[in-house]
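This report looks at how parts of a predicted model meet one another. It takes up a nonpolar core, a pair of domains and a chain interface in turn.

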Amino acid sequence: MGPVLVALAVLAGGILLASLRVNPYIYFAGYVVLQYIVIATAWNILGGYAGYVNFGTPAFFALGAYTAIFLMEAYKAPLPVLIVAGGLVSAVLGLGIGYLTLRLRGTFFSIATLALSVVLQTLIINWDFVGGAKGFTVIRPSPPFFGNWALLLFTVMVGMAAAAVVVARFIERSWIGRGLSALRDNEEAAECMGVPTLRLKLFATTISGFFLGVAGAPFPYYVTYVEPASAFDLNYAVNALAMPMIGGTTTWIGPVIGAVLLGTAQQVATVTISSELNLLIVGVVLVFFVVLAPEGLVGLARRLRGR
Amino acid sequence: MRKPWKPGILGWSLVGVAVVALVLAGLDPSTAQTKNPIKIGLGMALTGGLSANGKPALMAIQIWKDDVNRKGGLLGRPVELIYYDDQTNPSTVPGIYTKLLDVDKVDFVVSGYGTNLIAPLMPIVMERKLTLMGILGLANNEKYKYPNYFQIQPAGPDPEANWATGFFELAARQNPKPQTVALVGADAEYPRNALPGAREWSKKLGMKIVYDKTYPPSTVDYTPIARAIKAVNPDVVFVASYPPDSVGMIRAANEVGLQPKIFGGGMVGLQYTSVMTSLGPILNGIVNYDFWAPEPTMMFPGIKEFFAEYQKRAKEAGVDPLGYYLPPYAYAAVQILGQAIEATKSLDQQKVADHIRKTEFSTIVGKVKFGQNGEWAKSRVLQVQYQGIKGTDLEQFRGPGKKIVLYPEEFKSGTMIYPYAAARK
Amino acid sequence: MFSWDLLANAVVAGVLLGGFYAAVSLGISLTFGLLDVVNIAHPAFVVLGAYMAYMMNTAFGVDPILTGVVLMPVFFLVGAAVYRIYYGSFERRGEEALRGLVFFFGVLFIIEVSLSLTYGVDYRMVEAGYIGKSIDLGGVGISFRLLVPFIVGLVMTLALHLFLSRTFYGRAIMGVSQDRLALRLMGANPVRIKTIAFGIGIAAATLSGTLLIAIAPVVPSTDRDYIGRVFAITVLGGLGSIGGTLVAALILGIAESLMATFFGPSWSLAVSFGVLLLALAVRPAGLFGR
């Protein structure tokens, strides 16, 4: 119960911060950072815990966003429905891709996820109901709380981030996490010891997909105009990799640290230095960490404390 | 089995300090404290897919700022420009403009470049009841009908249909009248907007559509498409494409010998100097949309001086060296805003918007009057034809004679060479 | 609007395109197919090669393919260096699965963004004698712009095949891919062999990049279009088979061309990758895989 209480406390803190109505910019920027906490945590469940690299983060994220758009347009569904539906659809995608490729080696899964984004993007471009290549403009109804969408979305994202982290922590410490960790280290040995590797992998892909979709579902409300090129932006893929790498992939707190640091730095860079330089820095930092500090900041801290 | 690691006080405080430091760094509005400037803020595509146009647009706006400040500023105060890079990514727009409005506290905002970058800005300006000058976006206000939005793109009252208007009107005037049409475009936002207009026109003029397809933007080779079009032998070929596909289509058409009677229409990219110099003579005969050409009929007051300054700066900045497409319009947009501020002697959003709505302005791109939905009251999408291009030298494009304005009548600067094949000799 | 003429043209164009795709995929066939190194940064090197050709072409008027051939030794060394880093940081420690992939992704990103910073995002093209000309063979038009890269692609494939089967180092590379221990016992150093192989792969990538810019204009983000294509081709052809890569590339080229001509180009991209996913699900060994 402990972590759930903490999560609820975080959510309460978020609501409090929202009702203070400090400088609106904080809510816009904060939304993006919180969104990345969810994305990085979700990615890490499969990438860090199980060792299967998903390059197709944009596909899952965008699918969540476009599911939301579809439901908005067809049924005028309210936000909670959009979020749950977005998550479920992306979860199914994760399950599907997993089922197709996880019986093969990890590299095939990764290659398949690369192709996934392109295929999905082509499908969306040709689907006029959700705007297709033209893009979709969201006309937002009156926000049910706070009177201001920025505040409401911020709070929603705080809740999501807290939920994602609680789930990741739970998985990490449970038998699922131990099983994933075993198959990450040596899949054949884990199989021999009776670990149900395929089922665990499918579980991880599904949960990872669910949270990526959930992160994408409020995106149309946040940005009010969604078009395939930016919904499927490669930056989501790179950040989903870089943030856990920088923070540390073996524990739930790594992605959080990575997302907070890198996300905040990127938000600041957007409004200060050239943003392309910012992208270059992300790439360099990623390679730096992967080569020299593969266990991320968490790992470095561990070594410093002599554990 | 490793014991799950708890970050402890040290870990958390490290994270906290880092966050606070970064946030504070970002929030600190470093304003050069001159005597109470008027601040105009915008996001602009300085990187990413549209930066080839975004950077010249920003430069044009900066030239305006310098021009205004040299003459004493607006309302006696200097003008300051605050801008950020939107990376051609619509999802950065809410954050950027919120920072401009709430942290940098700008007095007026101007849009970024491109339909996709203006779209996410609309709800924000509507919510705060701001005046918005839009910089080249197609039909952004159709859904909202917001009264304080003004678009500098000369598309006119029915922007999506008007793209093809001039092209088809020219086709209809020819004798014998063309009978068959091929429509082709990229699977992307702009062509998806432009092609319906072309379809409407084809039906209106009683032309039969013999080919109507789109292609994915990442297509490498356009020869199959050009061949398929040639196979149906259309009189008219209307293409709605972005720069890489425009180049690909023209080259492919040249290779397979696709020669309809009239070819072109809605190809973006032909207006860029680098594309013109790269394609050279195979551009001859193409009839295409444009916004400005260095022809005698288009020399409005102030435009010569603008281009002199722009071309000087462009050389150093490594952007489009001639700037004959978007830059004068970006300049005109802020020129109008400045004139409105001076005329109403105020910074009140509503007063300025009301003034813009009912006034005909004299700008470096000629007379501008806004109509329904903030679009131009009368369309001024030009149709030009490339004629007499020899080789790939840049200088031939600097002056008149290579890009002849055919439409509309009041800006016509030469005669059309018809059919297309005649211009290719 | 079907006609034999159109079909013939589409197939021929597809074959020519396929030859080019083969050139691009050769490097991956070598490094991934034989050496099991998932170099996702490969397409970025292709685009890098394209920009090198652009630079030499605009500055000195040098033919792009000539640039490619001349620069091959340079990029061989670059490839060797990259492999050394990869090996030292990951392969030696057996952590290549996750970290190696991420490493190459980072390299891809760095190359792409560096190109954007240096050259901007304008489309870049080259001028060469054969661009823009075409010949007509009995109703079928063949554009030189595609023909020359096709020929170069065939030559590259043949050269690589001969290298792998006839030379000492080539056979050593085949050996490394099959049995590392045996190779060591025979006195060859597997790391050195793999370094050479990787270097060749990158050199091939950059040469194919010079072909790319002859065919179509290039921007830094062009690499993303090819990530899926090259892996689709390599997997479809079968890992470890150079000939298989050529066949798969031809198939993909023809498929894309036919789709573009008869059904409208909208879906051809997705179809290619759909084929990849299906191949992975149904027969991951590919057509000619071991």
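## The nonpolar core

In this predicted model, the largest nonpolar core holds 369 residues, of which V38(A), I39(A), A115(A) and A333(B) touch the most other members. Helix α2 of chain A, residues 24-47, gives the most to this core, contributing 18 residues. The core also receives residues from both domain 1 (38-155 + 301-374) and domain 2 (159-296 + 381-423) of chain B, and therefore lies between them.

The surroundings of V38(A) can be set out residue by residue: leaving aside residues up to four places away in sequence, V38(A) touches M160(A), A161(A) and A164(A), together with F211(A), V214(A) and A215(A).

## The two domains of chain B

Chain B is divided into domain 1 and domain 2, each assembled from two stretches of sequence, 38-155 + 301-374 for domain 1 and 159-296 + 381-423 for domain 2. Their C-alpha centres lie 29 Å apart, and the contact takes 15 residues from domain 1 and 19 residues from domain 2.

On the side of domain 1 of chain B that touches domain 2, the elements giving two or more residues are α4 (115-118) and α12 (327-344) of chain B. By class, this side has twelve nonpolar, two polar and one charged residues.

## Where chain B meets chain C

Here 32 residues of chain B are in contact with 30 residues of chain C. On the chain B side, two or more residues come from each of α2 (51-70), β7 (208-215), α8 (223-231), α9 (243-256) and α10 (273-279), and α9(B) gives the most, with eight residues. The residues of this side divide into 13 nonpolar, 13 polar and six charged.

Conventions: Residues numbered from 1 in each chain as written. Chains lettered and ligands numbered in written order. Predicted model: local features only at pLDDT ≥ 70, side-chain atom pairs only at ≥ 80, totals over all residues. Domains from an automatic or database assignment. Contact = placed C-beta atoms within 7 Å. Helix = DSSP H or I, 4+ residues; strand = E, 2+ residues; numbered from the N terminus. Nonpolar A, V, L, I, M, F, W, Y, C, P; charged D, E, K, R; others polar. Core = buried A, V, L, I, M, F, W, Y, C linked by C-beta atoms within 7 Å. Buried ≥ 20, exposed ≤ 12 C-beta atoms within 10 Å, placed from the backbone.
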